[in-house]
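Dear colleague,

I am passing on the structure below, together with notes on what turned up when I went through it. Please read the notes with the model open beside you.

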Amino acid sequence: MISRIGVGVMALCLALYIVVVGQRAVLMLTTGEPIAIAIGVALIVMPLIGAWALVREMQFGFAADKLGRTLDAEGGMPQAETELTPSGRIAKGDADPMIARYTAEAEAAPTEWRARFRLGVVQDAAGRRKDARASIREAIRLSRS
């Protein structure tokens, strides 16, 4: 719930930023000076890129949350098999065998989103955020087809 509040606050801040920067962009565009016009165009384009990125992240977060709640309700979330570090991560020595096992399960069922999502959860717990995001993104894609 706290993360959703954080996302809402971030979205509101971005909206306020877009309004303020949009005002400045209009001022720059109306000066008639070539450099000011170029800056005005940049002031319009950059917030739009930021808004696009925020929307994509929110879509990813909501879809991942939905799949996680579904898998948890089914009792399919991976269980902590080892001692976790104080930060909630899997100890480095225990991470590789777990990731190998969940990778094998995901590869054995290439069309099953649950296996790919479990792999992503284990990768995230092991601190491999980039791999985890890719696995969860693939799980989202598989759940839609």
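To begin with one residue, is Met-77 buried, exposed or partly exposed? At 23% relative accessibility, Met-77 counts as partly exposed, where buried means under 20% relative accessible area, exposed over 50%, and partly exposed in between, with a 1.4 Å probe and protein chains only.

Before the rest, some notes on how to read the values. This is a predicted model, in which local features need pLDDT of at least 70 and side-chain atom pairs count only at pLDDT 80 or more, while totals for chains, interfaces and linings use all residues. Residues are numbered from 1 along each chain as its sequence is written, and side-chain values use heavy atoms, with hydrogens and water left out. The protein chain averages a pLDDT (the predictor's confidence in each residue, from 0 to 100) of 89, and 99% of the residues score at least 70. Among the elements of the chain, the lowest mean pLDDT, 87, belongs to helix 1 (residues 2-29) and the highest, 95, to helix 5 (residues 129-144); helices here are DSSP runs of H or I with at least four residues, numbered from the N terminus.

Met-77 itself is placed in the loop between helix 2 and helix 3. Setting aside residues up to four places away in sequence, Met-77 touches Gly-68, Leu-71, Asp-72, Phe-117 and Val-121, contact meaning heavy atoms within 4.5 Å. Its C-alpha atom is separated by 9.6 Å from that of Val-122, which is 45 residues apart from Met-77 along the chain.

The loop between helix 2 and helix 3 (92-108) also holds Ile-90, which is buried with a relative accessible area of 7%. Not counting its neighbours within four places in sequence, Ile-90 is in contact with Thr-82, Leu-84, Ala-95, Met-98, Val-122, Ala-125 and Ala-126. Of these, Ala-126 is 36 residues apart from Ile-90 in sequence, yet 4.9 Å apart in space, C-alpha to C-alpha.

The axes of helix 2 (residues 34-73) and helix 4 come within 11 Å and cross at roughly 105 degrees, these axes being lines fitted to C-alpha atoms over the stretch in contact, with angles running from 0 to 180 degrees between N-to-C directions. The two helices are therefore roughly perpendicular to each other, a term that covers angles of 65 to 115 degrees. Helix 2 makes the contact through Ala-64, Leu-67, Gly-68, Thr-70 and Leu-71, and helix 4 through Trp-113, Arg-114, Phe-117 and Arg-118.

The structure holds one aromatic pair. It is formed by Trp-113 and Phe-117, edge-to-face, at 6.4 Å centre to centre and 80 degrees between the planes; rings of Phe, Tyr and Trp (its six-membered ring) pair if their centres lie within 6.5 Å, and planes over 60 degrees apart count as edge-to-face. Because Trp-113 and Phe-117 are four residues apart in helix 4 (residues 113-125), they are separated by about one helical turn. Both Trp-113 and Phe-117 are buried.

Another ring, that of Phe-60, has Arg-133 over its face at 4.4 Å from the ring centre, and the charged end of Arg-137 also sits over the Phe-60 ring, 5.2 Å from its centre. The criterion is NZ of Lys or CZ of Arg within 6 Å of the ring centre and within 35 degrees of the ring normal.

Finally, Ser-135 lies in helix 5 and is buried, with a relative accessible area of 6%.

With best regards

Terms used
Rings of Phe, Tyr and Trp (its six-membered ring) pair if their centres lie within 6.5 Å; planes under 30 degrees apart count as stacked, over 60 as edge-to-face and the rest as tilted. Angles under 35 degrees count as roughly parallel, over 145 as roughly antiparallel, 65 to 115 as roughly perpendicular and the rest as oblique.
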